[in-house]
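Good morning, and thank you for joining this meeting. I would ask you to look at the sequence and the structure while I speak.

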Amino acid sequence: MKQKSFLIKPEMNKRYKKITHGRGVYLFDENGKAYLDGSSGAITVNLGHNVNEIKKAINAQANKVSFVYRSQFTTNESEQLASKINGLFSFDEDFYSFFVNSGSEATETAIKMAIQYWQDRNKPTKQFILSRWFSYHGITRGALSLSGYRKRRERFEATLEKSPQLEAPYCYRCPFQLSYPKCNVRCAYELDTVIHKMGSTHIAAFIAEPIVGAAGAALTPPKEYYSIISAICEKHQILFIADEVMTGIGRTGDFLAIDHWQVKPDIIILGKGLGAGFTSIAAACISESLYSTLAKNSGFIMSGHTYSANPQSTATAFAVLEYIENEQLLKQVQKKGEYLMTKLTKLLKPFDIVGDIRGKGLLIGVELVEERSTKKMFPRQNKVLETLLQIAEEEGLLLYPAQAGNGVRGDAFLIAPPYIISYSEMNLLLRKIVKTLERLSSPDK
Ligand code: PLP
């Protein structure tokens, strides 16, 4: 059958293998070849494939009602999910969830919530959202405007809002040529400088991925970073939006990645792992104080989608969260993450092309370089990352391409297996990575 799916990227000139089924950490193609899903798809399939408990919940909901229009009714399923999310947050304030269908929509919703909140506080000029380079917040144009990911922006640059303003906390290649801790976390204090330049009367919010995913391969800021950011935001009356689309729902070992820094954002966006690949669902969650301002004044949020809060998705996401709790998966993510990180650090040491290994929990980034001592990047036209992914696939291992260098320079990838991966499967994953790097380093192998 000729492939007509428009999702296939024509420039890659690649005939995609057809997947017929999945189970646990494996996907199987039409020829019966097994792929160890080392990236949980797009850091999404956190519980693995084909999970009985979730399938049961999906069927049970399909037997009740699948769709209810959000402007006409609410449902037990949506209310339960919002309460569950609130219960899993570790803050001293309640959070309210607005459900959408993708991470990009959640970013768009968060932008609108922030602007509308300041309108309701009689500060209508506060409309601008600050963001960082080496970031990704979504593909829709509002979310793309905030994304410091040049390759995804450049075709649309003229139509986007002003580009990101801040440097990323990229310690391996510090944008200020400093090193931690002597740097005094200059990248965090830069927020203050930028706000002074632009004037806080125009700024509604600052958005950041607590640990940068696709645009930086698990860039993990120093321990002081987010408390400095949060204090600067508070000082200037600017909301802090944590984009936890990739890092949330336990990926880094805490329910939210921002929990590692013990900071409370004003808005938190979730996606990917919330539906864990079983349904498309995302959420923009706002603190009680924002919610009550919006409820008392506007009385609504000027956003929403046809499929927002459909009970089929909310029931599925609820089952995903229950499964994570019942199986105590967060503890497992912490332990397995430490195991993988320790092993990777040791096993990849002999490879001079491995420049940096970073991340938390089961979100681990590996940055490749021409030589470790100089940190020199490979010329992008060498397509080192593409070759690595191809070799890994041949070895039956799926990895996630990430960018070092704004998507136009640098090669990096993410290792982010499902939380249910066993220790023997992790050992197999490690063997496959070593084999892949051996073949990449000496192509005759
Ligand atoms: N935010 C982050 C941090 C992401 O990693 C992504 C997707 O990769 C998005 C937002 C956009 O989510 P979606 O692809 O579901 O629209």
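**Helices, sheets and two domains**

Let me begin with a pair of helices: helix 4 and helix 9, the latter covering residues 288–296, pack with axes 9 Å apart and at an angle of about 60 degrees. I should say at once that this is a predicted model. The two helices, 4 and 9, cross in a left-handed sense. On the side of helix 4 the contact is formed by Met113, Gln116, Tyr117 and Asp120, and on the side of helix 9 by Leu290, Thr293 and Leu294. Sorted by class, the contact between helix 4 and helix 9 consists of four nonpolar residues, two polar ones and one charged.

Helix 4 also leads us to a sheet. Spanning residues 103–120, helix 4 lies across strand 4, strand 5, strand 6, strand 7, strand 8 (267–270) and strand 9 (282–287), and its direction makes an angle of about 25 degrees with strand 9. In what order do the six strands of this open sheet come? The order is 4-9-8-7-6-5, and the pairing is mixed. Which strands stand at the edges? They are strand 4 (95–100) and strand 5 (128–130); each has a single partner strand, so one side of each is left without a neighbour in the sheet. On average, neighbouring strands of this sheet are turned by 20 degrees against each other, direction ignored.

Within this sheet, consider one pair of strands. Strand 6, residues 203–208, and strand 7, residues 239–243, run parallel and are joined by four bridges. Here alanine 208 has alanine 242 of strand 7 opposite to it.

Two backbone details deserve a pause. As a general background, most residues other than glycine have a negative phi, and most peptide bonds are trans. In the loop between helix 4 and strand 5 we find asparagine 122. Asparagine 122 is a residue other than glycine, yet its phi is positive, near 60 degrees. The second detail concerns a peptide bond: the one from tyrosine 180 to proline 181 is cis, and its omega is near 5 degrees. Proline 181 belongs to the loop that connects helix 6 (150–153) with helix 7 (186–198).

I turn now to a second sheet. This one is open, has four strands in the order 1-2-3-12, and again shows mixed pairing. Its edge strands are strand 1 (19–23) and strand 12, each of which pairs on one side only. Strand 2 (residues 26–29) and strand 3 (residues 34–37) run antiparallel and are connected by three bridges. In that pair, leucine 27 stands opposite tyrosine 35 of strand 3. The hairpin of strand 2 and strand 3 has four residues between the strands, and there glycine 32 adopts a positive phi near 85 degrees.

How do strand 3 and strand 12 run, parallel or antiparallel? They run parallel, with two bridges joining strand 3 to strand 12, which covers residues 397–398. Leucine 36 has leucine 397 of strand 12 as its bridge partner, while aspartate 37 is matched with leucine 398 in strand 12.

A second helix pair also merits attention. Helix 12 (residues 384–394) and helix 13 (residues 423–441) have axes that come within 9 Å and cross at roughly 130 degrees. The two helices, 12 and 13, are therefore oblique to each other. The crossing of helix 12 past helix 13 is right-handed. Thr387, Leu388, Ile391 and Ala392 of helix 12 meet Lys432, Thr436, Arg439 and Leu440 of helix 13. By class, this contact of helix 12 with helix 13 comprises four nonpolar, two polar and two charged residues.

Finally, let us consider the domains. The domain assignment gives domain 1 as 19–50 + 328–441 and domain 2 as 53–327. The C-alpha centres of domain 1 and domain 2 are 25 Å apart. How many residues does each domain give to the contact? Domain 1 gives 36 residues and domain 2 gives 38. On the side of domain 1 that touches domain 2, the elements giving two or more residues are helix 1 (40–43), helix 11 (329–347), strand 10 (354–360), strand 11 (363–368) and strand 14 (411–415). That side of domain 1 is made up of 19 nonpolar, 12 polar and five charged residues.

Thank you for your attention.

Terms used
Residues numbered from 1 in each chain as written. Predicted model: local features only at pLDDT ≥ 70, side-chain atom pairs only at ≥ 80, totals over all residues. Axes fitted to C-alpha atoms, helices over the stretch in contact; angles between N-to-C directions. Parallel < 35°, antiparallel > 145°, perpendicular 65-115°, else oblique. Left-handed = near helix turned anticlockwise from the far one by under 90°. Contact = placed C-beta atoms within 7 Å. Nonpolar A, V, L, I, M, F, W, Y, C, P; charged D, E, K, R; others polar. Domains from an automatic or database assignment. Pairing = 2+ DSSP bridges.
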